[in-house]
Amino acid sequence: MLTSITGINWGDEGKGRMVDLLSQNYDIVARYQGGDNAGHTVKNERGKFVLNLIPSGILRPDVVCVMGGGMVIDPEHLEKEIASLTEKGVEISPKNLKISDRATITMPFHVAQDGLEEERLSKTGAQFGSTKRGIAYSYGDKYMKKTLRMGDLVHMDAGVKKRLETIVESKNLTMEKIYGQKPVSVDEMWAWCEKYSKLFAPYICDVGDYLDKADREGKKIMFEAQLGALRDIDFGIFPYTSSSSSNAGYACVGAGIPGSHVDRTVGIVKAYSTCVGEGPFTAEWFGEEAERLREA
């Protein structure tokens, strides 16, 4: 059975908690889109955990978690997230965490560009309220075919190095001539990739093959979305959306088994609606009053 957990609002509906709760009855939990620009906070008998990239099923020892090809993954952030969970007693290894070789890598220059553009837009009040995690620029470069994918970390050969050189050359046209920044160094980016190649190569695999076999064997698979339906790039409050499809219809595609279909969709909704960031229906407070309430 294939089940999709989807937020009905703008996010922050408590999807992480519901995934953690329901995953007790599932074999696999797969994230199918998004990056580390949103967090799933889970409180259970083991404590309080904040998850950005890793599926919320990771807190269940018998559940295998999958990071699908529809995601954009910052290996640097993932390293820190794994370290934080490990410190709290959560066991993470290639046995219970599998990363798609097709997932796009969020590079340091994506994060830098995100911050620079948001700063530029803020001068005229046109900012999007970005989390400045490089998500939009990872997805943008993905669709321009100017990114590396997690599978490239498994084969760090001359071909990957050449592609990185081409990518950096293109990116520097933007970083230098538009933002007036120092050029991105190919050598530094290659060294960065080599570091995370050594760390994550054992986790990277063809998750589509893994999920297809699991489905054929009758295993129960849950798909976890990031953010809510109203942040969907196609059906949300454009342009104040995320940069990927958070609706249930994208679950099988983003996870890695496009020939399958979701059997059951569970929509998570709040009794009241809020959304943070910029754009319509913003419900975030700032200033002295907000700080007083936060500390209360």
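Let me start in the middle of the sheet, with a single pair of residues: Ala30 has Phe223 in strand S10 as its bridge partner. Before I go on, please keep in mind that what we are looking at is a predicted model.

Ala30 belongs to strand S2, where Ile28 and Ala30 point one way while Val29 and Arg31 point the other way, and all of them are buried. Strand S2 is joined to S10 by four bridges, the two running parallel, and four bridges also join S2 to strand S5, residues 64–67, again in the parallel sense. On that S5 side, Ile28 stands opposite Val64.

Phe223 brings in another strand, since Ser4 also stands opposite Phe223 in S10. The pairing there is between strand S1, residues 2–7, and strand S10, residues 221–228, which run parallel and share five bridges.

With those pairs in hand, we can step back to the whole sheet, which is open and made of seven strands in the order S9-S7-S5-S2-S10-S1-S11, with parallel pairing. Which strands stand at the edges? They are S9, residues 204–205, and S11, residues 264–268, and because each has a single partner strand, one side of each is left without a neighbour in the sheet. As a general reminder, strands of a sheet pair through backbone hydrogen bonds, and they may do so in a parallel or an antiparallel way.

Now to the helices, beginning with H1, residues 15–22, which lies across S1, S2, S10 and S11 and runs at about 170° to S10. A residue of this helix region, Asp20, comes up again when we look at Asn44, which lies in strand S3, residues 40–44. Is Asn44 buried or exposed? With a relative accessibility of 13%, Asn44 counts as buried, and its side chain makes a polar contact, at 3.3 Å, with the side chain of Asp20. Apart from neighbours within four places in sequence, the residues in contact with Asn44 are Arg17, Asp20, Phe49, Leu59 and Arg60.

Helix H6, residues 186–200, deserves a slower look. Its 15 residues, at 1.5 Å a residue, should span 21 Å, and the end C-alpha atoms are 21 Å apart, which agrees. The buried residues of H6 are Met189, Trp190, Trp192, Cys193, Tyr196, Ser197 and Phe200, and because they cover an arc of only 160° around the axis, they sit on the same side of H6. In general, an α-helix has 3.6 residues a turn, so residues three or four places apart point the same way. On the other side of H6 we find Asp187, Glu188 and Lys198, which are exposed. The cover over the buried residues of H6 includes helices H2, H3 and H5 together with strands S7, S8 and S9. At the N-terminal end, H6 is capped by Ser185, which has a side-chain oxygen 3.4 Å from the backbone nitrogen of Asp187.

Helix H7, residues 207–216, can be read in a similar order, starting from its buried residues, which are Val207, Gly208, Leu211 and Ala214. Seen down the axis of H7, these fall within an arc of 130°, so they line one face of the helix. They pack against S2, S5, S7, S9, S10 and H8, which takes us back to several strands of the sheet we began with. At the start of H7, a side-chain oxygen of Asp206 comes within 3.1 Å of the backbone nitrogen of Gly208, and just after the helix Gly218 takes a positive phi of about 85°.

I would like to end with some backbone details. Two residues that are not glycines have a positive phi: Lys145, at about 60°, and Leu227, at about 65°. Where do they lie, and how does their surface exposure read? Lys145 is in the loop between helix H4, residues 135–143, and H5, and is exposed, with a relative accessible area of 70%. Leu227, by contrast, lies in strand S10 and is buried, with a relative accessible area of 17%. Finally, Phe238 and Pro239 are joined by a cis peptide bond, with omega at about 10°, and Pro239 is found in the loop between S10 and helix H8, residues 251–255.

Notes. Residues are numbered from 1 along each chain as its sequence is written. This is a predicted model: local features need pLDDT of at least 70, side-chain atom pairs count only at pLDDT 80 or more; totals for chains, interfaces and linings use all residues. Side-chain values use heavy atoms; hydrogens and water are left out. Two strands pair if DSSP finds at least two bridges between them. Contact means heavy atoms within 4.5 Å. Axes are lines fitted to C-alpha atoms, for helices over the stretch in contact, and angles run from 0 to 180 degrees between N-to-C directions. The expected span of a helix is 1.5 Å times one less than its number of residues. Buried means under 20% relative accessible area, exposed over 50%, partly exposed in between (1.4 Å probe, protein chains only). The arc is that of the directions from the helix axis to the C-beta atoms. A polar contact is a pair of N or O atoms within 3.5 Å; within protein, one must be able to donate a hydrogen and the other to accept it, and residues adjacent in sequence count only if both atoms are side-chain atoms.
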